[in-house]
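Subject: A structure for you to look at

Hello,

Here is the structure I promised to pass on. Please open it beside this email, and I will walk you through what turned up.

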Amino acid sequence: MKKFSIYALLSLLVIATSSFILNTTDAGYKVGDVAGDFKLTNIDGKKVSLNDYPEAKGVILVFTCNHCPFSVAYEDRIIGLHNKYVSKGYPVVAINSNDAKAYPDDSFENMVVRAKDKAFPFRYLHDESQEIARNYGATRTPHVYVLNKEKESWVVRYIGAIDDNTDSPAEVTKKYVETAVNELLEGKPVSTSFTKAIGCSIKWKK
Amino acid sequence: MSILRFLFAFLILFLSSTEKSSSQPVHIVKIGEVLSRINHTSDTVLVLNFWATWCVPCIEELPDFIKMEKDLANQPVKFVYLSLDFKKNLTGKLQPFLKKNEITSEVLLLDEPDYNSWIDKISVDWQGAIPATVVIDRKNKSQTFHEGSLNYNELKTIIQKYIP
């Protein structure tokens, strides 16, 4: 019995610690916050930051990865978003923050392979330290942050899902990211600025 | 209200038929059925585990949950595993997985693609990552929600809050 209470106490500690970690990531950015810049390695080996997009009106930042079936299900739609909005001033920037030890598919080498296979037209950055995912509060893949450039600051205007049907693009009724970017292009406030979706949890390094 | 009651009776009916069969027919449910199950939890503590066959950490924690379920077989605790596999993968992935791993627990496939419409109904604390687990007490007066993996001892600590 004593032994069990020690275990119970220990597991309480573990839960308390893990929820603390969760809370710190949950903290992240809220809609309306100014997003911090980053300097991450692109699949071509070059460092990329938000400052490398001086002409952009904003950026569609997508936390994604290789291994997650939900990310894979959205790959073509993420390519579509970039192709539709890059000329309008909102390029896609994809970031992989997963621990490659837990998911070897998500290593930098495999990011390069995946980007080549799918001919990603956007930059695919490696957040090896996971600092950017933590700063932003990304918890799952895919997890989108639409940033809008306002007076030289990158302001978060949308957080959430790409649309309302992961499995079947044909059955999508609400294109959350497209609607948000369209509204920004028209100078309107974003009507749906936050959504939730099922996704693979971002695997944090131990 | 009567529709809810009917749904609930219906749910109980086909759930009890699930338990009797040795093979693993997985029922496809909507969120309303899950919520009425939660709201009608009267004589058992309900452990709802959200998972999918494609989710690696879900598969990793599953054996601990099933061990707990077996260890608590004589206690008023009910385990329900809500799979978020796509409906089209029911016969190709989910059922073969359950068969291969000899899982006879109650597994339901939650077919609700518009995730944003219902995640907050399970818990406003849920960001949408799986695995996620919610433990609901007998009278639905309190619940514990956890996003992320749980091992045997962590799960035990949560359940112990609701059964003496």
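Let's start inside, with the nonpolar core. The largest one in this predicted model has 88 residues, and those that touch the most other members are Ile60(A), Val144(A), Val177(A) and Ile130(B). Strand S2 of chain B, residues 45-51, gives the largest share of this core, with six residues. As general background, nonpolar side chains in soluble globular proteins tend to be buried together.

Ile130(B) is a good residue to click on next. What is it in contact with, leaving aside neighbours within four places in sequence? On chain A, the partners are Ile198(A) and Ser201(A). On chain B, they are Phe50(B), Trp51(B), Ala52(B), Cys55(B), Cys58(B) and Leu84(B). Ile130(B) also stands opposite Cys200(A), as part of strand S5 of chain B. The peptide bond that leads from Ile130(B) to Pro131(B) is cis, with omega near 10 degrees. Pro131(B) itself sits in the loop between S5 and strand S6 (132-136) of chain B.

That brings us to a sheet that holds strands from both chains. Three strands form an open sheet in the order S6(A)-S9(A)-S5(B), and the pairing is mixed. Which strands are at the edges? They are S6 of chain A (140-141) and S5 of chain B (129-130), each of which pairs on one side only. Strand S9 of chain A, residues 199-201, runs parallel to S5(B), and the two pair over two bridges. If you want to find the spot on screen, look for Gly199(A), which stands opposite Ala129(B). In general, strands of a sheet pair through backbone hydrogen bonds, either parallel or antiparallel.

Now move to the S6 edge of that sheet, where you will find Thr141(A). Is Thr141(A) buried or exposed? Thr141(A) has 30 C-beta neighbours inside 10 Å, so this residue counts as buried. Not counting residues up to four places away in sequence, Thr141(A) touches Gly199(A), Cys200(A) and Ile202(A), and others including Phe63(A), Cys65(A) and Phe70(A). For a sense of distance, Tyr85(A) is 56 residues away from Thr141(A) along the chain, and their C-alpha atoms are separated by 21 Å. Here, too, there is a cis peptide bond: the one from Thr141(A) to Pro142(A), with omega near -10 degrees. Pro142(A) is in the loop between S6 and strand S7 (143-150) of chain A.

Next, the place where the chains meet. In total, 24 residues of chain A are in contact with 22 residues of chain B. Helix H1 (2-27) and S9 are the elements of chain A that give two or more residues to its side of this contact. H1(A) gives the largest share of that side, nine residues. Sorted by class, the side from chain A has 11 nonpolar, eight polar and five charged residues.

Chain B deserves a tour of its own. Its secondary structure comes to six helices and seven strands, and 34% of its 164 residues count as buried. Strand S4 of chain B (residues 106-110) is largely enclosed by the rest of the structure, because four of its five residues are buried. Strand S1 (residues 27-29) of chain B runs parallel to S4(B) and is joined to it by three bridges, with His27(B) opposite Leu108(B). Strand S3 (residues 77-83) of chain B is parallel to S4(B) as well, through four bridges, and there Ser83(B) faces Leu109(B). Together with helix H4 (residues 90-100) of chain B, S3(B) and S4(B) make a right-handed β-α-β unit.

Two loop residues of chain A are worth a look for their backbone angles. Ala119(A) is not a glycine, yet its phi is positive, near 50 degrees. Ala119(A) has 7 other C-beta atoms within 10 Å, so this residue is exposed. Gln130(A) has a positive phi too, of about 70 degrees, and with 17 C-beta neighbours inside 10 Å it counts as partly exposed.

Finally, a word on confidence. The model scores ipTM 0.81 and pTM 0.84. For chain B the mean pLDDT is 88, and 85% of the residues reach 70 or more. Do take care with residues 16-22 of chain B, where the pLDDT is below 50.

Happy exploring!

Note on methods
Residues numbered from 1 in each chain as written. Chains lettered and ligands numbered in written order. Predicted model: local features only at pLDDT ≥ 70, side-chain atom pairs only at ≥ 80, totals over all residues. pLDDT = per-residue confidence, 0-100. Contact = placed C-beta atoms within 7 Å. Pairing = 2+ DSSP bridges. Buried ≥ 20, exposed ≤ 12 C-beta atoms within 10 Å, placed from the backbone. Right-handed = clockwise from strand over helix to strand, strands pointing away. Core = buried A, V, L, I, M, F, W, Y, C linked by C-beta atoms within 7 Å. Nonpolar A, V, L, I, M, F, W, Y, C, P; charged D, E, K, R; others polar.
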